[in-house]
Structure formats: C-alpha cells, structure tokens
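Trainee: Got a minute to go through this one with me?
Mentor: Yes, put it up and ask away.

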Amino acid sequence: MTIAVNNIHKQFGNFTALDNVSLNFPNGELTALLGPSGCGKTTLLRIIAGLENPDSGQVLLDGEDASARNVRERQVGFVFQHYALFRHMTVFENVAFGLRVRPRKERPSEQQIREKVKSLLDLVQLDWLADRYPPQLSGGQRQRIALARALAVEPRVLLLDEPFGALDAKVRKELRRWLRRLHDELHVTSIFVTHDQEEALEVADRVVLMNKGRVEQLGTPSEVYNHPASPFVYGFLGNVNIFHGRVHEGVLATGDVRFDAPQHAAVQNGAGIGYVRPHDLDVERYVPGMEGVIVKLRRAHAIGPLAQLDLERSDNAELIEAVMANERFQGLGLLEGDTLVVRPRKMQVFVNDFVDAGANI
C-alpha cells in the first residue's frame, strides 16, 4: 500500500504539533520518523492510523482519501512502545485476538486461526511460548508477540510507535536487526517512530527528520547523515564539532583560522557556522608554520578499534572532538598535553541558519 499525507495540520491548544506536513511513503518500504520529543512524529503516525484526526489535510491510502475510514477499514497494524498485550490471555490468544473479533462473515474458522497463529509465532521465532502469559516473558519477547498480533490481521500497512523504547540497549540492538530481516521477508509498507538516530539509520530504507512539527529532511540513511540539509539535522544525527565565525566572500573565519566556503562567495560578512564530524578531522603533531587549527590534547579515550580525542583550541579554548583509528593513535605516540594540529577533510558551512545554504570542502 502507498501512503501519502497532504498538508496535514494539527493543533493542540496553542501548540502546533504538525505544520502543513506533506509526505509520500512508497509501497513496501520501511520509513523512520525521526526527531526529538514533541516534534510531531507520533501525532503523524496516529493520524495515518486513524487514531487521531487532523485539523486540515488529507491521508491518502493507495491514492484514495481515507479521512472517512475508521481504524479497522484502513487495514493498519499498530505496535506500541509498551506492548499493550492482554495480561490475562496466553501468547496464543493474544496473537489470535484480532482474528477472533472480526465480524462473523469475515472470521476465519478455528482451524484457520490456529494455523495462522502458529505460522506467525514461527515467524517471530517464539512458537515455544504459545501457552505462556505476557508477565512470564522478557521485554524483547513481549514486543515480538505484539508485532505478531499486529501482523495477524494481515495489515496493508504496519505502524510502530517507539517499538523498542522500553528495552535495554542490548535487546534494542538485537530487535532492530530482527525487525529489518522480518521486513525484508514480508515487504509490508511500514512506518516507525523513534528518537534514536542510530536505530533509524540502521533499520530504515528512508528517514524523515522532523523538528517542531515540520519536515527538516527526507532521504536514505546515507543521504541524511552524509549530506545534512540544515544545522538541526547536522546536530541531531551524531556528534559534530561546531566552528562559529564570519563568512565573507567564500571564506569562513573562525578564531585565527580560515576555511574555504566557495558556495558562499556572494556573502558579505555574514554570521556563519561550520560543522565537522569527529571522524572527518585529520590530526597530526604540530610543527611551527603548519596550517590548521592548533590544539592541545586534553584527554584520550583509546579502547577498542577507535581512539576518541578531546582537544582544546589554542586560539579560543573551545573544545573539539576527534576520532581516529586506535592503531594510528598508538603509532603517533600522543600524550596528554601534546600540541597538535587538526584539519577538516569535510566541512559544511551554513550562513544565518538557512537550510539550503551549504558548502562542502
């Protein structure tokens, strides 16, 4: 099923939850709605499901306006953060619930229900727990049962609201991979809400970055991470170093350092910010006369394959974070207090926070 939302606006009192949002969700893709709390992602999910009504705008399912359709008619499966399983029912009965409450004419036979539930429990790899009750399961097992229950009614679209938010980090990582594999088998059009950028980038086919009720950027995980469209996206997706300064005729001046920003050649003395990921910094021992940002090594955390360096700029005392291979760090023999020089391999410069004003070096 293809899903589209056109000019969706939703207000709660004086708070604008969604500000004329328009998006298309392609058939068979897994799309992540990503952003901080209060950005509107869950409200949008609930409007698509029919659990919430927009103040204005349309939800189109396969090109048809779904505004008048109730939740059941939209053929949506919904998985919540806190499982919403029936504690007094066995795992089997929880998964069978949606089939048993269908109108009599649409209800499968008891044999068909049993076969369907068994196949779903096999799919989520928990067939051996059919007779258990939800309180007897781990959090990860309960979430997989909740997903099996949502799939039992053969939804044309699957909506997941922070599905792994209540789980610890290790279980979350395991279930992320499991969800991706499951989606590759089923190819059900799916939308999931998360505030965890690692989760979105690892699982989704496409990522929608939301902020204050609006869409900041839409693209593949690689596109939104490697080519952020705004300062918000840069800051939200992973660690970033920020260089404040002035942009004049294609050059960003920050402290004692100058960086080329050729796409801003027309700017005359404008406020500018350069964004650089920690892994996009080259680090060397400083030799007098070298160009770059001169820093002192304040702390090094070198455990595992990567070394994380906390560096202090000599010109304005601002901190910079750099990441390099631990092997290279050990080879350089760096010690706390050493004077180093860093140079960005890639920097994106924004002027006056305009989201379309980006320059790469």
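**Aromatic pairs and a helix contact**

Mentor: Tyr 234, Tyr 275 and Phe 350 are linked into a cluster by ring pairs. Keep in mind that this is a predicted model.

Trainee: How many aromatic pairs does the structure hold?
Mentor: The structure holds 5 aromatic pairs. One of them is Phe 86 with Phe 97, a tilted pair at 4.8 Å centre to centre, with 55° between the planes.

Trainee: Which parts does that pair tie together?
Mentor: Phe 86 is in the loop between strand S6 (76-79) and helix H2 (91-100), and Phe 97 is in helix H2, so the pair ties together parts 11 residues apart in sequence.

Trainee: Is Phe 86 buried or exposed?
Mentor: Partly exposed, as the relative accessible area of Phe 86 is 28%. Phe 97 is also partly exposed, at 31% relative accessibility.

Trainee: And what about Phe 232 and Phe 236?
Mentor: Phe 232 and Phe 236 form a stacked pair, 5.5 Å centre to centre and 20° between the planes. They sit 4 residues apart in helix H8 (residues 231-236), so about one helical turn separates them.

Trainee: Switching to helices. At what angle do H3 and H4 cross?
Mentor: Roughly 140°, with the axes of H3 (residues 110-123) and H4 (residues 139-152) coming within 10 Å. That angle makes H3 oblique to H4, since the cut-off for roughly antiparallel is over 145 degrees. The crossing is right-handed.

Trainee: Which residues meet there?
Mentor: From H3, Lys 116, Leu 120, Leu 121 and Leu 123; from H4, Ile 145, Ala 148, Leu 151 and Ala 152. By class, the contact has 7 nonpolar, no polar and 1 charged residues.

Notes:
Residues are numbered from 1 along each chain as its sequence is written. This is a predicted model: local features need pLDDT of at least 70, side-chain atom pairs count only at pLDDT 80 or more; totals for chains, interfaces and linings use all residues. Side-chain values use heavy atoms; hydrogens and water are left out. Axes are lines fitted to C-alpha atoms, for helices over the stretch in contact, and angles run from 0 to 180 degrees between N-to-C directions. Helices (H or I, at least four residues) and strands (E, at least two) are DSSP runs, numbered from the N terminus. Angles under 35 degrees count as roughly parallel, over 145 as roughly antiparallel, 65 to 115 as roughly perpendicular and the rest as oblique. A crossing is left-handed if the near helix is turned anticlockwise from the far one by less than a right angle, and right-handed if clockwise. Contact means heavy atoms within 4.5 Å. Ala, Val, Leu, Ile, Met, Phe, Trp, Tyr, Cys and Pro count as nonpolar, Asp, Glu, Lys and Arg as charged, and the others, Gly among them, as polar. Rings of Phe, Tyr and Trp (its six-membered ring) pair if their centres lie within 6.5 Å; planes under 30 degrees apart count as stacked, over 60 as edge-to-face and the rest as tilted. Buried means under 20% relative accessible area, exposed over 50%, partly exposed in between (1.4 Å probe, protein chains only).
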